[in-house]
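Trainee: Could you take me slowly through one part of this structure, the salt bridges, and then show me what lies around them? I would like to follow the reasoning step by step.

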Amino acid sequence: MEIKVLGTGCANCKALYATVEQAVKDLNLDATLLKEEDILKIMEYNIFSLPALVINEKVVSAGKKLSLPEVRELLKQ
């Protein structure tokens, strides 16, 4: 599983990355977690609000600071 947190380094982006990191650890997932801060690469996902969460190249959330239970649920799907 490949998970990307898209964001330019703002507080919400950093918070989402930390939340996703915790959820991966809690669920004991074999996943690669990446933080993408390059605006040109972020624009390739055709999203207009950050932070965004991408799982296996599919955008599953954009513009929201997700809670730990919300992230866990998205990772289980």
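Mentor: A salt bridge here is a side-chain nitrogen of Lys or Arg within 4 Å of a carboxyl oxygen of Asp or Glu. Side chains of opposite charge can pair when their charged atoms come close. Please keep in mind throughout that this is a predicted model.

By that definition, the structure holds three salt bridges. Let us begin with Lys4, whose salt bridge with Glu57 has its closest N and O atoms 2.9 Å apart. This pair links distant parts of the chain, since Lys4 sits in strand S1 while Glu57 lies in the loop between S3 and strand S4 (58-62), and the two are 53 residues apart. Lys4 counts as buried because its relative accessibility is 14%, and the limit for that word is under 20%. Glu57, by contrast, counts as partly exposed, at 45% relative accessibility.

Lys4 also forms a salt bridge with Glu2, and there the closest N and O atoms are 3.9 Å apart, a value that still falls within the 4 Å limit. Glu2 counts as partly exposed, with a relative accessibility of 28%.

The remaining pair to look at is Arg72 with Asp26, a salt bridge in which the closest N and O atoms are 2.6 Å apart. Here, too, distant parts of the chain are linked, with Arg72 in helix H3 and Asp26 in helix H1, 46 residues apart. Both partners count as partly exposed, Arg72 with a relative accessible area of 26% and Asp26 at 38% relative accessibility. As for the other residues, salt bridges that share partners join Glu2, Lys4 and Glu57 into one network.

From the charged pairs we can turn to the nonpolar interior. The largest nonpolar core has 13 residues, and those that touch the most other members are Leu16, Val20, Leu53, Val71 and Leu75. At least two residues of this core come from each of strand S1 (2-6), H1, strand S3 (52-55) and helix H3 (68-76), and H1 gives the most, with five residues. There is also a second, separate core of six residues, with Leu6, Tyr45, Ile47 and Ala52 among them.

Val71 is a useful residue to follow from here, for, not counting residues up to four places away in sequence, Val71 touches Leu16, Thr19, Val20, Ala23 and Leu66. One of these, Thr19, has its place in helix H1 (residues 11-27). Thr19 is buried, with a relative accessible area of 18%, and a polar atom of the Thr19 side chain lies 2.9 Å from the backbone oxygen of Ala15. Leaving aside neighbours within four places in sequence, Thr19 is in contact with Leu66, Ser67, Leu68 and Val71.

Finally, for a contrast with these buried residues, look at Leu40, which is found in helix H2 (residues 39-43). Leu40 counts as exposed because its relative accessible area is 59%, and the limit for that word is over 50%. Together with Ile39 and Met43, Leu40 makes a nonpolar surface patch of about 330 Å².

Methods
Residues are numbered from 1 along each chain as its sequence is written. This is a predicted model: local features need pLDDT of at least 70, side-chain atom pairs count only at pLDDT 80 or more; totals for chains, interfaces and linings use all residues. Side-chain values use heavy atoms; hydrogens and water are left out. Helices (H or I, at least four residues) and strands (E, at least two) are DSSP runs, numbered from the N terminus. Buried means under 20% relative accessible area, exposed over 50%, partly exposed in between (1.4 Å probe, protein chains only). A polar contact is a pair of N or O atoms within 3.5 Å; within protein, one must be able to donate a hydrogen and the other to accept it, and residues adjacent in sequence count only if both atoms are side-chain atoms. Contact means heavy atoms within 4.5 Å. Patches are made of residues with over 30% relative accessible area and no salt bridge: like charges are joined within 9 Å, nonpolar side chains (Val, Leu, Ile, Met, Phe, Trp, Tyr) within 5 Å. Accessible areas come from the Shrake-Rupley method with a 1.4 Å probe; for residues, only the protein chains shown count as cover. A nonpolar core is a set of buried Ala, Val, Leu, Ile, Met, Phe, Trp, Tyr and Cys residues joined through side-chain atoms within 4.5 Å.
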